[in-house]
Amino acid sequence: MKFRSLTQSKFPTDVEQDKANAPLPKHNIMFDLPLEHGSLEHLLPVSWKTQITAWLAEDTPSFDAGGFVVGDAPRTATLWGKSPGILAGVPFFNEVFRQCGCTVEWHAREGSHIETHGGKTALATVRGPARGLLEGERVALNILARCSGIATMSRRLLVNLRSAGWKGMLAGTRKTTPGFRLVEKYGMLVGGADTHRMDLSTMTMLKDNHIWSHGSITQAVKAAKAAGGFSLKIEVEVQSEEEADEAIAAGADVIMLDNFTPEGVRAASKSLKEKWKGKREFLLEISGGLTEDNAEQYICNGECVRQPWD
């Protein structure tokens, strides 16, 4: 029995197939990866396994006639990788098959670059009852392919930016698939990207509609500080350097330069740092309109965070 291959067919953005199949840069540029400090499985909340149960229940809500046909005869399946990429999502894959009464033996480490050399590579061996293998197959592969695709794109962009001289952070967004955020944020971490805020509760982000509704940047930041207290960071989306000045003066921790041009980013970054040096501490974030093709144009090597797919 052979599983279908792990591929990068499900990316977090619409990417042309030829770009998806392009050679992936290896991790030969020095930067700090979370995986180098321990197992990312230890980050997962106590409740994460219930999501696996729910996904299995979605796929088999009642009788499984196919499972009845094959029964519980012991069988072995092989997970094949047929395209290069970063392997991610191992804990989720393992838990799917654990709940189906199977065991998984891995032949590649999570976060490693999978080389196929035009053929295929055995990534894991799964053993268990035939019914369990087939019940878990599609759920496990969907999770692993999605997570690995995100890790692959994150690592590719990070390596390209480092090669071009970028020294700051590369961050994801909250634009994740409903019900699948944990897996997608996990993929970002495996790839080496910062997850940014996990949800609305982990950081207050005041965007244009918040500010418009409340009246001004200053008043919106004041209200957010009153509600969030000292431990919750505040980020403000700005459309101009003047708005950035107001947000910094109001006490925002992160300033998002939204939809600035590459030239505008460099000019605003330089001006704001010179103007506020020794007066306020803040982080600049570049967001809006960034893609894998143009991200390098925004490099300013200041205190910036980069969100390519926001």
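Start by selecting Asn259, which lies in the loop between strand S9 and helix H10 (262–276). The structure on screen is a predicted model. Although Asn259 is not a glycine, its phi is positive, about 60°. With a relative accessibility of 54%, Asn259 counts as exposed, because the cut-off for that class is over 50%.

**Back from the loop: S9, S8 and S7**

Next, select strand S9 (residues 254–258) together with S8; the two pair in the parallel sense over 4 bridges. Within S9, Val254 is the bridge partner of Glu235. Now add strand S7 (residues 204–206), which also pairs with S8 in the parallel sense, here over 3 bridges. Met205 is the residue standing opposite Glu235 of S8 on this side. Glu235 therefore has a bridge partner in S9, Val254, and Met205 standing opposite. As background, strands of a sheet pair through backbone hydrogen bonds, either parallel or antiparallel.

Keep strand S8 (residues 234–238) selected and switch on its side chains. How many of the residues of S8 are buried? The count is 5 of the 5, so S8 is largely enclosed by the rest of the structure. In a regular strand, side chains alternate between the two faces of the sheet. In S8, Ile234, Val236 and Val238 lie on one side, Glu235 and Glu237 lie on the other, and all of these are buried.

**The loop before S7**

Select His196, placed in the loop between H6 and S7. Its phi is near 60°, a positive value in a residue other than glycine. Is His196 buried or exposed? His196 is buried, at a relative accessible area of 15%, because buried means under 20%.

**H6 against H5**

From that loop, go to helix H6 (residues 181–191) and display H5 with it; their axes come within 7 Å and cross at roughly 40°. That angle makes H5 oblique to H6. The crossing of H5 past H6 is right-handed. To see the contact, select Ile143, Arg146, Cys147, Ile150, Ala151, Ser154, Arg155 and Leu158 in H5, then Val183, Glu184, Tyr186, Gly187, Met188, Val190 and Gly191 in H6. Colouring the contact of H5 with H6 by class gives 9 nonpolar, 3 polar and 3 charged residues.

**Along H5 to the antiparallel sheet**

Stay with helix H5 (residues 130–163) and bring in the strands it lies across: S1, S3 and S5. The direction of H5 runs at about 145° to S5. These 3 strands form an open sheet in the order S1-S5-S3, with antiparallel pairing. Which strands stand at the edges? They are strand S1 (74–81) and strand S3 (103–106); each has a single partner strand, so one side of each is left without a neighbour in the sheet. From one strand to the next, the twist averages 20°.

For a closer view, select S3 and strand S5 (residues 121–129), an antiparallel pair joined by 4 bridges. Thr103 stands opposite Arg127 in S5. Helix H4 (residues 90–99) also packs on the sheet, where it touches S1, S3 and S5. Its direction makes about 150° with that of S3.

**The last stop: H8 and H9**

Select helix H8 (residues 217–228) and helix H9 (residues 241–250), which pack at an angle of about 30° with their axes 9 Å apart. This makes H8 roughly parallel to H9, because angles under 35 degrees fall in that class. H8 passes H9 in a right-handed crossing. On the H8 side, show Ile217, Thr218, Val221 and Lys225; the residues they meet in H9 are Glu243, Glu246, Ala247 and Ala250. The contact of H8 with H9 divides into 4 nonpolar, 1 polar and 3 charged residues.

Finish by centring on Ala250, in helix H9. Which residues does Ala250 touch, leaving aside those up to four places away in sequence? They are Thr218, Val221 and Lys225. For a distance label, choose Ala250 and Lys225: they are 25 residues apart in sequence and 9.9 Å apart in space, C-alpha to C-alpha. Ala250 counts as partly exposed, at 21% relative accessibility.

Conventions
Residues numbered from 1 in each chain as written. Predicted model: local features only at pLDDT ≥ 70, side-chain atom pairs only at ≥ 80, totals over all residues. Heavy atoms only, no water. Axes fitted to C-alpha atoms, helices over the stretch in contact; angles between N-to-C directions. Parallel < 35°, antiparallel > 145°, perpendicular 65-115°, else oblique. Left-handed = near helix turned anticlockwise from the far one by under 90°. Contact = heavy atoms within 4.5 Å. Nonpolar A, V, L, I, M, F, W, Y, C, P; charged D, E, K, R; others polar. Pairing = 2+ DSSP bridges. Buried < 20%, exposed > 50% of the residue type's maximum accessible area, 1.4 Å probe, protein only.
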